Amino acid sequence: MKRFFRLYSPLFLPMKTLAYIDGFNLYYGALKGTAYKWLDIIQLIQRIAYIQNPNIHLTGVRYFTSPVKAKIASHGELAVQAQNAYLKALKSTYPDTIQIIEGFFSLSEAGMPRYQNPLIKSDRISVWRLEEKKTDVQLALAMYRDAYLSNAEQLLLVSNDTDQVPTLEAIKADFPHLRIGLIIPRLKTNDAKQRPSNAELETLADWTRQYIHENELAECQLPTLIKTKKKPVFKPNYW
């Protein structure tokens with residue numbers, strides 16, 4: 001009888017988990033300037049989640065991003081091609097797990113006050129203003145909708161963005177039975193200038209990983225060549 005209980009106890013059943021990745025936040029928090037951009041994000045999340053709870057079963061990953069604009073990218077059109085290759089690599093490797101949800105970047109002229117102290121509001125200069133559109137709202141709605149539809153027992157957010165605080169507040173209030181996990185996408189370093197983990201998000205999560213180790217990024221990389229039904233996908237040379 002005891003053996004039967006141990007085998008079927010809820011403590012040992014897989015916890016159905018959906019993950020939501022803020023791609024922009026992940027890139028600038030942990031990947032920019034590194035050699036790990038060809039990241040296998042599914043493997044990374046599974047690895048971190050397993051450390052937290054071996055019974056977590058990752059059933060889906062929703063990855064939120066926006067197409068790069070060649071006009072402002074450091075590598076121009078090569079950056080566009082690299083991003084396209086990466087997204088294709090993820091979809092080809094995990095067709096039944098990953099969902100890529102795109103917003104867009106808005107690039108426009110804006111008048112901003114010149115930097116000086118004290119501030120003189122009338123002294124303005126023209127600058128390019130780049131804004132990512134739709135992704136924050138899309139992520140928030142996806143999380144709340146999955147909670148409403150009971151699509152998971154745990155929602156795992158990969159972001160350090162304060163804009164998602166109201167999202168977690170609403171889910172905690174309306175669906176208190178759901179667990180919320182949080183992975184802060186920033187490298188573990190001794191840099192005093194590094195952006196701190198978001199305390200507001202942490203208070204709303206049932207568990208938090210405040211950083212990502214560099215060796216975890218290094219060990220969770222996609223193959224250099226990925227076969228598809230058509231042309232194979234190669235890791236970009238400059239990555």
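Begin by selecting strand β6 in this predicted model, and look at its two faces in turn: Q154, L156 and V158 lie on one side, L155 and L157 lie on the other, and every one of these residues is buried, which leaves both faces of the strand covered. Because five of the five residues of β6 are buried, the strand is largely enclosed by the rest of the structure.

Keep β6 displayed and add strand β1, residues 15-22, which runs parallel to β6 and is joined to it by five bridges. Two of the pairings can be picked out by residue: T17 has Q154 as its bridge partner in β6, and L18 has L155. Strand β1 is itself mostly covered, with seven of its eight residues buried.

Next, select strand β2, residues 56-65, which pairs with β1 in the parallel sense over eight bridges. If you centre the view on L18 once more, you will find G60 of β2 standing opposite this residue, while L155 is the bridge partner of L18 in β6.

Now return to β6 and add strand β7, residues 179-183; these two strands also run parallel, and five bridges join them. Here L155 stands opposite I180 of β7.

With the strands in place, turn to the side chains and select W38, L39, I41 and Y86, which have the most contacts inside the largest nonpolar core, a set of 38 residues. To see which elements build this core, colour β1, α2 (23-31), α3 (41-52), β2, α4 (77-93) and β6, each of which supplies at least two of its residues. Then select Y20, I101, A147 and I180, which are among the 22 residues of another core, lying apart from the one just described. I180 is thus a residue to revisit, being a member of this other core and also standing opposite L155 in the strand pairing.

Finally, zoom out to the whole chain, in which eight helices and 10 strands are found. The C-alpha atoms fill a box of roughly 80 × 45 × 35 Å along the principal axes, and of the 239 residues, 41% are buried. Among contacts with a separation of 6 or more, 77% involve residues 24 or more positions apart. If you switch to a surface display, the protein exposes about 14,300 Å², of which carbon and sulfur atoms supply 54%. Colouring by charge will bring out 31 positive and 23 negative charges, whose mean positions are 6 Å apart.

Conventions: Residues numbered from 1 in each chain as written. Predicted model: local features only at pLDDT ≥ 70, side-chain atom pairs only at ≥ 80, totals over all residues. Heavy atoms only, no water. Helix = DSSP H or I, 4+ residues; strand = E, 2+ residues; numbered from the N terminus. Buried < 20%, exposed > 50% of the residue type's maximum accessible area, 1.4 Å probe, protein only. Contact = heavy atoms within 4.5 Å. Areas by Shrake-Rupley, 256 points an atom, 1.4 Å probe, with all protein chains shown as cover. Lys, Arg positive; Asp, Glu negative; His and termini not counted. Charge placed at Lys NZ, Arg CZ, Asp CG, Glu CD. Pairing = 2+ DSSP bridges. Core = buried A, V, L, I, M, F, W, Y, C linked by side-chain atoms within 4.5 Å.
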